[in-house]
Amino acid sequence: MRTIIFIGVNKSGSSREAVKVANELGYYTVVFTNLEKQMQQRSEYQDVHHMTLIDLSKIEEIKQQIELLQQRGHEIVIITTFVAKYVQTASRLADEYCVNYLSTEALAIMENKDTTRSTFANQSFTPRFKLITKDMQMPVDLTDPKLKFPVVVKCASSTGSKDVIFAENMKALEKNAGKVRAKNPNETIIIEEYVEGDQYLVEVLVTNWEVLICAVIKQEITKGKRFIVTGYGVLAEVPKQLEEGLLDIIDTIVSSLKFQNGAFHLELRLTEDGWKLIEINPRISGGAMNKMIQAAFGYSLVEETLKLLIGETPSLEKTTSHYVFTQYVILENKGFLEKVTGKRRAMSIPGVVEVYVKPKSGTYVTPPLSMGHRYAYVIAKGDTLEEAERIAKQAANEITFHLRIE
């Protein structure tokens, strides 16, 4: 049996859709999970042929399960993940058990924010930064003549806006650096300049050195206790000057890291001094990204990524071309969810493609401290980005979360 193994999967979003696509392509799908809840909800994962509960931090245990599958006659075609924290793990396992078209070394650099910063320290697209390594005892001298306030404090391994904190003065910097260190004592802390400008997300596939820009998405950031992306606008047409600047950065990254094949996405800000790279992630974005690209252009990015991982040539041929906007819903209060109303009204608005509500009744919900605390989204399309945004926001305003505050 030709088998694809997924290291971790989320209940919804790109990682979930990748499993569904693998199933549709005729592969036997295996998911290794460390979430007991997923095993309890096994019936909700009908497209997963085999699910195993395992500690994903223990590589030897994962290897035992892979070898057990091989003994049972499974041909392991791909070992992969669409979940941020398992990218390097999946690639190292693929190096050992199947043909791996990716470079594990390149993925490792992309996956770690301090390594990324150090690798591209001399590039004009890198913001000014300072690293506080784990062997530096707190408190340390946080001053740097090249850095001016405000700054951002982040943990090198953080994902989904966790442990990324804004600091507008030295007092806030010392407090937040201490907070991040206390939570992540063995991690490098990055202090970097806060850059002003519109933020964009760029989805990229690289196939045999050929760079394919899959989508350019303008982001809407809500800044509370954390930086939370609450809006995504997919550009049906990318201005030529914008695209050329992005290609220059992508080509530099691909050549520097010897990134011959794979998928990654960039988050950048367009400042008065040009593009500034916020971060690189060696995978397709999670959440609704695959669905919003599909609504815009007609193809599935997770499907084309799987083809690339198998060794086939991905195709990004557009069958449609729409501006798409996705509005996420975050909450101002915390409490237990009693019910959600307005979903049907939101869906009935012309131009709305999908309305999704994540938590079930009884779930404890909070204001956002990470991207995982976005509890619903609306995807809408239009003839212009402004039209798609207006429709998505109108529909999102119909959705009401009724909480029991305690």
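**A tour from the parallel sheet to helix α5**

Begin with strands β1 (residues 2-7) and β2 (residues 28-33), which run parallel and are joined by five bridges. The model on display is a predicted one. Select I7 and then F32 in β2, its bridge partner.

Next, widen the selection to the open sheet of four strands, whose order is β3-β2-β1-β4 with parallel pairing. At the edges are β3 (50-53) and β4 (75-80), each of which pairs on one side only. From one strand to the next, the twist averages 20°.

Now add helix α4, which lies across β1 and β4 and runs at about 155° to β4.

Keep α4 (residues 87-97) selected and add helix α5 (residues 104-111): the two pack at an angle of about 170°, and their axes are 9 Å apart. Angles over 145 degrees count as roughly antiparallel, and α4 and α5 are therefore roughly antiparallel to each other. To view the contact, display V87, Q88, S91, R92 and D95 in α4 together with T104, L107, A108 and E111 in α5. The residues of this contact comprise three nonpolar, three polar and three charged.

Remain on α5 and select its buried residues T104, A106, L107, A108 and M110. The buried residues of α5 pack against α4, α6 (113-119), α8 (240-257), β12 (262-271) and β13 (274-281).

Finally, turn to the cysteines. Are C98 and C155 buried or exposed? C98 counts as buried because its relative accessibility is 13%, and C155 counts as buried at 1%. A search of the whole structure for disulfides finds zero.

How values were computed:
Residues are numbered from 1 along each chain as its sequence is written. This is a predicted model: local features need pLDDT of at least 70, side-chain atom pairs count only at pLDDT 80 or more; totals for chains, interfaces and linings use all residues. Side-chain values use heavy atoms; hydrogens and water are left out. A disulfide is a pair of cysteine sulfur atoms within 2.5 Å. Buried means under 20% relative accessible area, exposed over 50%, partly exposed in between (1.4 Å probe, protein chains only). Axes are lines fitted to C-alpha atoms, for helices over the stretch in contact, and angles run from 0 to 180 degrees between N-to-C directions. Angles under 35 degrees count as roughly parallel, over 145 as roughly antiparallel, 65 to 115 as roughly perpendicular and the rest as oblique. Contact means heavy atoms within 4.5 Å. Ala, Val, Leu, Ile, Met, Phe, Trp, Tyr, Cys and Pro count as nonpolar, Asp, Glu, Lys and Arg as charged, and the others, Gly among them, as polar. Two strands pair if DSSP finds at least two bridges between them.
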